[in-house]
Amino acid sequence: MRNVVSEVVANGICIGCGVCSGVCPNANLTIGFNSYGEYNSTAGGNCLKNCELCLKICPFSEHAKNENTIATEKFSQQDGVKYNDVAGYYLQSYVGYSLVGNHRLNGASGGLVTYLLETMLNNGLINFVVSVSPTDNPDKLFNYQIFDNIEDVRNSSKSAYYPVELSDVINEILKTDGKFAVVGLPCYLKGLELAKEHNKLLKERIVMTIGLVCGQLKSTHYTKYLGYLSGVTSNLNYVCYRSKKETSSAIDYKFLCRDIDGNEGKLSFQRDIKDIWNGRWFTPISCNFCEDIFAEVADVTVMDAWLDEYVSDTKGTSILVVRNKEVDAIINDGINNNELNISLIDIDSVIRSQRNVVDIKRNQIKFRLKRLAKVNKHIWKRSTESSDISLLNKLEILIKDEMQNKSRENSFYINSGKTIDYAAFTKKMSGPTRRLKMVTFAMRICNKVRRMTRNT
C-alpha cells in the first residue's frame, strides 16, 4: 500500500513537517530525525486499506493539490483581491514595523508577527498561538509549542533555522476546543491547509495562518557547525540566530550561542556565515524542489524588507502580503492607533525584496527538474517549462548542489557515532566555496556589462 514513506521519503523529498503523522487515522506514521539531522516520516505495518490520506496532504506529494488550487479556493472570491504569478493572491502589501513595546527589538525584523498575534489574542480572534520556540533540551533546541498568553508569544519571536515538526501540536489542536493561529513556513502551511480539507476539527479550529518567506531549511548539524566555528565545542543549550546587537546593517545580524558548560560564542552573518548559507550547506534535498516563495496559502505572509532603502536600519523592517480582510483591518487599526509605522508597498517591490529566493524557487528549480528528468526521475511541480538559464547560473547550481551533498554526507558521518573532524570538513568545503565565489564574481561582471550595454 502506498504512503508518504514509500512515495515521498523514499524519493528523498520529505521535508519533515509532521502533518501526516499528526492526522494519520491509524497512528501508523511517526516523525523523527534521520541520519542527516532532518525530520522524516517512518511507517509501521498498519496502514488502513486504500487510505492514502498522507499522500493527499503531503506538501511534496504529486497526489496532493498544488498551491494554486488551494489558494484559489481560499482567497479568489474576496472583494478587491489581486493576483500575481509569483506572490499569489493578495489584498494589500505593506512595509514597516511595530511601535509597540519591544516588538521590533525582540523580533527578527520589524516585529509585525508578534504584533499581529498579540492583537488577535486581545481581540478574541484566536485563543491559542502555535509557533516555534526555544527549549531547554540540547538534543532538540527548538520545537512547535502552543501558547495562550502574550508573554510566551513574545518569547517565541526570534527566527529559528532549525528543524521542527507539527505532529504533537496537531494532536493537541484535535483535543483542545478553541481557535488557533499557526505560524509556519510555506510547505508546512500547505500541509496544514490540505489536512484541514480532510479533518473537520482542524478546519474549524485553525482559523488563521501566518506564513514566513523561506529560502531553505537547515538540519540540526547547521547549528552544531556554527557552534564549532564560534569556538563552542560542547552541546549547545541556547542559540540566537539573528541578534541585532553590534550590527552595522539589518543584513549583518549576529549568531549567538551558549553550551551546557556556559561557554559563549558569536559569529557575524556577513563575515562567517554567508558563504555557508548561500552554498546551501546542511540543506534538505526537498528544499531544491520547493516553488512557494510567499507562502501563497497563508492568510498573511511576513518577510524581511531586503531593499536598499531599509537594510541600513539595524532595528529591522518587515514586509506583509495580506490575503485576509480581518488581518487587513488589524493593520489599518494599528496605523490609526499609532501602533504601527507602516505604508503601502507595490507588489513588484515586494518580489524584488526576495529576488534571491525568487531566483532559486522559480528559475533554478527548472534546471534541477530538467537534470532529474535526464535520469528518469520526476518530481511533479508547477515549474514545468524548459530552463533557459545561463551557463554561469548552471555552474552556480552544480557547485551549490555539490556543497549541499557534501555537507549532508558529513552529517551522516556525525550521526554514525564517530568523532567528526570539523577542521578537515571545513578544508574539504574550501574548494567548492572558492569555485562558487569565482562563478558569482563572473556573474556580477556579466550583469554589470549587460546593464551598461542596455544604457548605451
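**Side-chain pairs and a helix face in the predicted model**

Glu197 and Lys65 are joined by a salt bridge in which the closest N and O atoms are 3.0 Å apart. The structure examined here is a predicted model. Glu197 belongs to helix H9 (residues 186-198), whereas Lys65 is placed in the loop between helix H3 (53-57) and helix H4 (67-75), so the pair ties together parts that are 132 residues apart in sequence. Both partners are intermediate in exposure: Glu197 is partly exposed, with a relative accessible area of 36%, and Lys65 counts as partly exposed at 30% relative accessibility. Lys65 also meets the side chain of Glu73 in a salt bridge, with an N to O distance of 3.1 Å.

A further salt bridge, between Glu193 and Lys74, has an N to O distance of 2.9 Å. Because Glu193 lies in helix H9 and Lys74 in helix H4, this pair ties together parts that are 119 residues apart in sequence. Here the two partners fall into separate classes of exposure, since Glu193 is buried with a relative accessible area of 7%, while Lys74 is partly exposed with a value of 27%. Elsewhere, salt bridges that share partners join Glu67, Lys190, Glu291, Glu296, Arg362 and Arg382 into one network. In total, the count comes to 24 salt bridges.

Aromatic side chains provide another set of contacts, and the structure holds 18 aromatic pairs. In one of them, the ring centres of Phe128 and Phe180 are 4.8 Å apart and the planes meet at 20 degrees, which is under the 30 degrees that bounds the stacked class, so the pair is stacked. Phe128 is found in strand E6 (residues 128-137) and Phe180 in strand E8 (residues 180-184), so that parts 52 residues apart in sequence are tied together by the pair. Both Phe128 and Phe180 are buried.

The pair formed by Tyr161 and Tyr241 is, by contrast, edge-to-face, with 5.5 Å from centre to centre and 80 degrees between the planes. This pair links distant parts of the chain, as Tyr161 is in the loop between helix H7 (150-155) and helix H8 (167-175) and Tyr241 is in strand E10 (residues 236-243), 80 residues apart. Tyr241 counts as buried at 3% relative accessibility. Tyr161 and Tyr241 are also members of a cluster linked by ring pairs, together with Phe142, Tyr162, Tyr222, Phe255 and Trp277.

Charged groups are placed over aromatic rings as well. Arg242 lies over the face of Tyr253, at 4.5 Å from the ring centre, and the charged end of Arg408 sits over the ring of Tyr36, 4.1 Å from its centre.

Helix H14 (residues 325-336) was considered for the arrangement of its buried residues. The helix has twelve residues and reaches 16 Å from its first C-alpha to its last, close to the 16 Å expected at 1.5 Å a residue. Within H14, the residues Val327, Asp328, Ile330, Ile331 and Gly334 are buried. When viewed down the axis of H14, these buried residues fall within an arc of 155 degrees, so they line one face of the helix. An α-helix has 3.6 residues a turn, so residues three or four places apart point the same way. The elements that cover the buried residues of H14 include the strands E5 (92-98), E9 (206-212), E13 (300-304), E14 (318-322) and E15 (340-344), together with helix H6 (112-123).

Terms used:
Residues numbered from 1 in each chain as written. Predicted model: local features only at pLDDT ≥ 70, side-chain atom pairs only at ≥ 80, totals over all residues. Heavy atoms only, no water. Phe/Tyr/Trp six-rings, centres within 6.5 Å; stacked < 30°, edge-to-face > 60°. Helix = DSSP H or I, 4+ residues; strand = E, 2+ residues; numbered from the N terminus. Buried < 20%, exposed > 50% of the residue type's maximum accessible area, 1.4 Å probe, protein only. Lys NZ or Arg CZ within 6 Å of the ring centre and 35° of its normal. Salt bridge = Lys/Arg side-chain N within 4 Å of Asp/Glu carboxyl O. Expected span 1.5 Å × (residues − 1). Arc of directions from axis to C-beta. Contact = heavy atoms within 4.5 Å.
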